[in-house]
Amino acid sequence: MTHRISRRARVLAAGLGAGVIVPFAAAAAPAAAAAPQVSCTSSKTGLAAKLQRDITTALNGRAGTVAVGLYDRSTKTTCTLRSSTAYDSASVVKATVLATLLWDAKKHNRYLTTREQSLATAMITKSDNNATSTLWKQLGVTKVKGFLAAAGMTQTKPGANNYWGLTQITVRDEQKLLALLTAKNSVLSDNARAYELKLMGKVISSQRWGTPAGAPSSVAVHVKNGWLSRATHGWRVHSIGTFNGAGHDYMITVLTQDNSTMQYGVNTIQAVAKAIHKDLVPTPSTTSASVLRYVPTTNPQEAIPAVPSAG
């Protein structure tokens, strides 16, 4: 079958030099750009390829827009997908609010007051919105921005008009926050880091879903989740977590939007998390019966922050 090549294609071929044939497809409209692919690197042979394959499989056929971040210090393993795509934070920003409070207290060389400790505990362990609003107003956006600058979280934009749940976050910046919480640094004191991780480790059972899914019992889990439904992009469902034990020290961020329901987003996050935990901390077949993996609640709940009614 003979294809007719456009005059433009013939000119292009001539311009490329004698003997170069431009196929018919060159004159056709360009194909739609392929969806972003998971990218992984690791110092452990074969691990990057396995993670890339298994995370991709976990996301295969899933609707919505998903961003993923993984970093494991012990194997120098990193995976990213849409690391700079911005999402409404929902309650995930509460981890940043507490970090800002702790950072500000350190600057003034003081401990948190009893009142602040009570508010922080309610904000993280129960995702209390009123406690969050109280601390957000106490700190003010200027201090939040100050912490973000100190932490290098340059892609995070605080929500306006006290709508902290509309803070814009990215996987890259959430991973930076988790990295600060899990290793010595000049931004947060060791006591501050331990305090925030302790609260993230005491989140109530109905909110311990998401990134902990499939974590082995030998690994300590610290988590903060969030969800929010708006007129645009449907349900945003997010989960950030740090995991330490079994010779590993890793952190996972999964941000999602355009979900039809909250549960759909939860299921997407947990499919990714299970793949990551399984690959990083595999269970030897000889002991599979004795090693338990974390199964989150079947009735996931979270606080839904107030947003503008027109949103």
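**Exercise 1.** How many of the 12 residues of H6 are buried?

*Solution.* The model is predicted. Buried means under 20% relative accessible area. By that cut-off, nine of the 12 residues of H6 are buried, so the helix is largely enclosed by the rest of the structure. The buried residues are Val 171, Asp 173, Glu 174, Gln 175, Leu 177, Leu 178, Leu 180, Leu 181 and Thr 182.

**Exercise 2.** Check the span of helix H6 (residues 171-182) against its number of residues.

*Solution.* The expected span is 1.5 Å times one less than the number of residues. For the 12 residues of H6 this should give 16 Å. The end C-alpha atoms of H6 are 16 Å apart, which agrees.

**Exercise 3.** Find the aromatic pairs in the whole structure, and describe the one formed by Trp 103 and Phe 147.

*Solution.* The search finds three aromatic pairs. A pair of aromatic rings is described by the distance of the centres and the angle of the planes. For Trp 103 and Phe 147 the centres are 6.2 Å apart and the planes are at 65°. Planes over 60 degrees apart count as edge-to-face, and this pair is edge-to-face. Next, place the two residues: Trp 103 lies in helix H3 (residues 94-107) and Phe 147 in helix H5 (residues 129-151), so the pair ties together parts that are 44 residues apart in sequence. Both Trp 103 and Phe 147 are buried.

**Exercise 4.** Is the pair of Phe 243 and Tyr 250 stacked or edge-to-face?

*Solution.* The ring centres of Phe 243 and Tyr 250 are 5.3 Å apart, with 25° between the planes. Planes under 30 degrees apart count as stacked, and the pair is stacked. As for accessibility, Phe 243 has a relative accessible area of 1% and is buried. Tyr 250 is at 0% and also counts as buried.

**Exercise 5.** Describe the phi values and the surroundings of Ser 127 and Asn 162.

*Solution.* Most residues other than glycine have a negative phi. Ser 127 has a positive phi, near 55°, and Asn 162 has a positive phi of about 65°. Now locate them. Ser 127 is in the loop between helix H4 (114-125) and H5, while Asn 162 lies in the loop between H5 and strand S5 (168-169). Finally, read the accessibility: at 1% Ser 127 counts as buried, whereas Asn 162, at 39%, counts as partly exposed.

**Exercise 6.** Which residue lies over the face of Tyr 264?

*Solution.* Arg 62 lies over the face of Tyr 264, at 4.0 Å from the ring centre. The cut-off for that distance is within 6 Å.

Technical notes. Residues numbered from 1 in each chain as written. Predicted model: local features only at pLDDT ≥ 70, side-chain atom pairs only at ≥ 80, totals over all residues. Heavy atoms only, no water. Phe/Tyr/Trp six-rings, centres within 6.5 Å; stacked < 30°, edge-to-face > 60°. Helix = DSSP H or I, 4+ residues; strand = E, 2+ residues; numbered from the N terminus. Buried < 20%, exposed > 50% of the residue type's maximum accessible area, 1.4 Å probe, protein only. Lys NZ or Arg CZ within 6 Å of the ring centre and 35° of its normal.
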